[in-house]
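The following account leads the reader through one protein chain, from a sheet to its aromatic contacts and then to individual loop residues. Please keep the sequence and the structure in view while reading.

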Amino acid sequence: MLKKKYLIVSIIMMVALFVLGTRSFAAEENSGITYTREFPSNDGTIVVNFNGLELEETGVYQYGLTTQGGEEPEEWYDIAERTETTATVTLSGSSEKMNEVLAKTNNGIVWIKKSDADNSTAIKVNVDLTLAVENAVSITNVSNGIRAKDDYSSINGLYKYGYYSKRLETTAYQFMKITDAEIMNKWLEHKENNSDIKIVTDLINEKIPVPSNGYTSGDTIYSDQFNPRKDGLYLIWISLTGDGYKTVYGYVIYDGLYETGKTLTDYNLKEETTQPTTPSTDTTPTTNPTPETTTPATVEPLTATVSYSTTGSIIATIKTNKKVEAVSGWTLSADGKTLTKEYTENKTETVKVKDTDGQTKEVEVKVTNIVKNATAQNGKKLNGTESKNLGPQAGASLTIVAVVIGVMAFSVVMAKKAKKYRGIK
């Protein structure tokens with residue numbers, strides 16, 4: 001009878017500890033997390049505001065930044081602004097370790113954990129590291145649409161600050177004349193009322209795609225490039241490239257008629273004029289306003305990002321900005337912009353995607369979190385990206401195994417004591 005009681009107690013303890021271990025794992029899930037981004041400067045810094053977190057009321061929390069390659073953060077930073085559900089982190093362009101990630105990829109992971117906790121307990125959120133084109137660069141002596149009266153203007157931006165300067169390979173620029181009446185009206189309203197420039201840049205970003213060619217190499221623009229452009233409003237597009245790092249695009253607004261241009265007529269535009277669907281660059285400006293001629297269309301660059309969701313196996317998803325051709329072994333969506341593939345084993349491969357313009361892009365797909373005989377944690381949709389967080393699951397599995405072994409050992413000891421108590425050898 002006594003032996004049976006010991007066995008019942010052991011079973012109850014096993015079940016209780018198993019449930020506790022499972023709850024510990026479930027608490028690491030990060031469903032419902034969203035974020036917004038801010039770009040406070042031109043050095044690559046991104047401020048990320050998270051919402052929907054589940055943090056403890058007290059204690060110091062830290063964050064780190066990595067690529068989506070599976071590595072852990074090399075450095076951790078204290079979170080100064082947070083509540084139990086929100087946190088603000090600064091991915092600083094002045095931090096060498098963060099710069100290494102910011103300059104390399106547009107797809108990063110922000111890790112959040114208590115300062116004294118193991119890395120496996122961290123909440124991991126996929127974050128878009130793409131810089132806003134209107135905030136990615138700056139040009140010395142060009143601000144607020146005005147160029148200062150200097151002989152030249154130097155290009156500054158992501159790769160030109162601090163640690164980034166070591167990565168600078170090619171800086172290039174081009175002038176693009178604005179011919180869209182709606183954009184011009186917003187610009188005139190901004191000049192007259194000193195309204196928020198974001199109203200102008202949001203419309204520019206909506207209507208004008210980033211040009212992928214037509215750039216002139218050089219990190220300095222001399223006066224002979226500005227002086228002939230007294231006939232209208234221009235975007236000065238900048239391309240910054242580093243070997244082994246992502247290409248960063250940005251623009252600065254330059255108004256050749258800043259002081260005198262007050263109406264569409266001053267800029268030789270009519271109310272119904274629109275910007276070409278595929279932008280053309282103005283390479284032969286004249287002193288007197290003339291109707292702009294059509295130049296060869298530029299091709300929108302192909303971009304592709306990979307994300308992962310987990311449902312036991314791992315499903316990799318490649319999203320592109322343009323229609324691409326089918327890839328062997330992958331499922332292509334009806335709109336031609338999404339490729340998916342299910343992985344049941346860890347694997348690293350390079351997938352080559354090709355768009356309808358003939359441009360190709362190589363995307364690295366790296367699956368490292370599949371553990372045999374373990375149930376994978378479901379991925380979470382976060383502002384259009386997928387987040388995977390299998391670290392806590394592994395920790396929970398180890399906890400459960402340890403609990404089972406401990407309870408079994410306890411049961412054996414109790415059984416022996418019961419035998420001894422009854423005089424059984």
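**A four-stranded sheet and its surroundings**

Four strands form an open sheet in the order S14-S13-S16-S17, and their pairing is antiparallel. The edges of this sheet are strand S14 (216-217) and strand S17 (248-255), each of which pairs on one side only. In general, the strands of a sheet pair through backbone hydrogen bonds, in either a parallel or an antiparallel manner. The model under discussion is a predicted one.

At one end of the order, strand S13 (residues 170-177) is joined to S14 by two bridges, and these two strands run antiparallel. Ala172 has Ser217 in S14 as its bridge partner. Towards the other end, helix H4 (198-207) lies across strand S16 (233-241) and S17. The angle at which H4 runs to S17 is about 125°.

As for the chain as a whole, it has six helices and 25 strands. It contains 425 residues, of which 43% are buried. Among the contacts in the chain with a separation of 6 or more, 64% are accounted for by residues 24 or more positions apart.

**Aromatic residues**

Attention now turns to the aromatic side chains. A pair of aromatic rings is described by the distance of the centres and the angle of the planes. The count of aromatic pairs in this model comes to twelve. The rings of Phe226 and Tyr254 have centres 5.1 Å apart and planes at 80°; planes over 60 degrees apart count as edge-to-face, and therefore this pair is classed as edge-to-face. The pair links distant parts of the chain, since Phe226 belongs to helix H5 (residues 223-226) and Tyr254 to strand S17, 28 residues apart. Tyr254 thus places one ring of the pair in S17, which is an edge strand of the sheet described above.

Are these two rings buried or exposed? Phe226 has a relative accessible area of 0% and is therefore buried. Tyr254 is likewise counted as buried, at 2% relative accessibility.

A further edge-to-face pair is formed by Trp330 and Tyr343, with 6.3 Å from centre to centre and 70° between the planes. This pair also links distant parts of the chain: Trp330 is in the loop between strand S19 (313-320) and strand S20 (331-332), whereas Tyr343 is in strand S21 (residues 338-343), 13 residues apart. Trp330 counts as buried at 9% relative accessibility, and Tyr343 is buried with a relative accessible area of 4%.

Phe226 and Tyr254 also belong to one aromatic cluster, together with Tyr173, Phe175 and Tyr234. A charged residue is placed over one ring of this cluster: Arg229 lies over the face of Phe175, at 3.9 Å from the ring centre.

**Lys191 in helix H3**

Another charge over a ring is found at Lys191, which lies in helix H3 (residues 181-193). What does Lys191 lie over? Lys191 is positioned over the face of Tyr258, at 5.1 Å from the ring centre. The side chain of Lys191 also makes a polar contact of 3.1 Å with the side chain of Asp255. When neighbours within four places in sequence are left aside, the residues in contact with Lys191 are Asp255, Leu257, Tyr258, Gly261 and Tyr267.

**Loop residues**

The loop between H3 and helix H4 (198-207) holds Asn194, and Ser195 is placed in this loop as well. How do they compare in accessibility? Asn194 counts as exposed, because its relative accessibility is 66% and the cut-off for exposure is over 50%. Ser195 has a relative accessible area of 18%, which is under the 20% limit, and so it is buried. Apart from its neighbours within four places in sequence, Ser195 is in contact with Glu189 and His190.

The backbone of Asn194 deserves a separate remark: its phi is near 55°, a positive value in a residue other than glycine. Asn144 also has a phi near 55°, again positive in a residue other than glycine. The place of Asn144 is in the loop between strand S10 (142-143) and strand S11 (146-147). With a relative accessibility of 61%, Asn144 is counted as exposed.

Definitions and conventions
Residues numbered from 1 in each chain as written. Heavy atoms only, no water. Polar contact = N/O pair within 3.5 Å; in protein donor to acceptor, adjacent residues only side chain to side chain. Contact = heavy atoms within 4.5 Å. Buried < 20%, exposed > 50% of the residue type's maximum accessible area, 1.4 Å probe, protein only. Pairing = 2+ DSSP bridges. Axes fitted to C-alpha atoms, helices over the stretch in contact; angles between N-to-C directions. Phe/Tyr/Trp six-rings, centres within 6.5 Å; stacked < 30°, edge-to-face > 60°. Lys NZ or Arg CZ within 6 Å of the ring centre and 35° of its normal.
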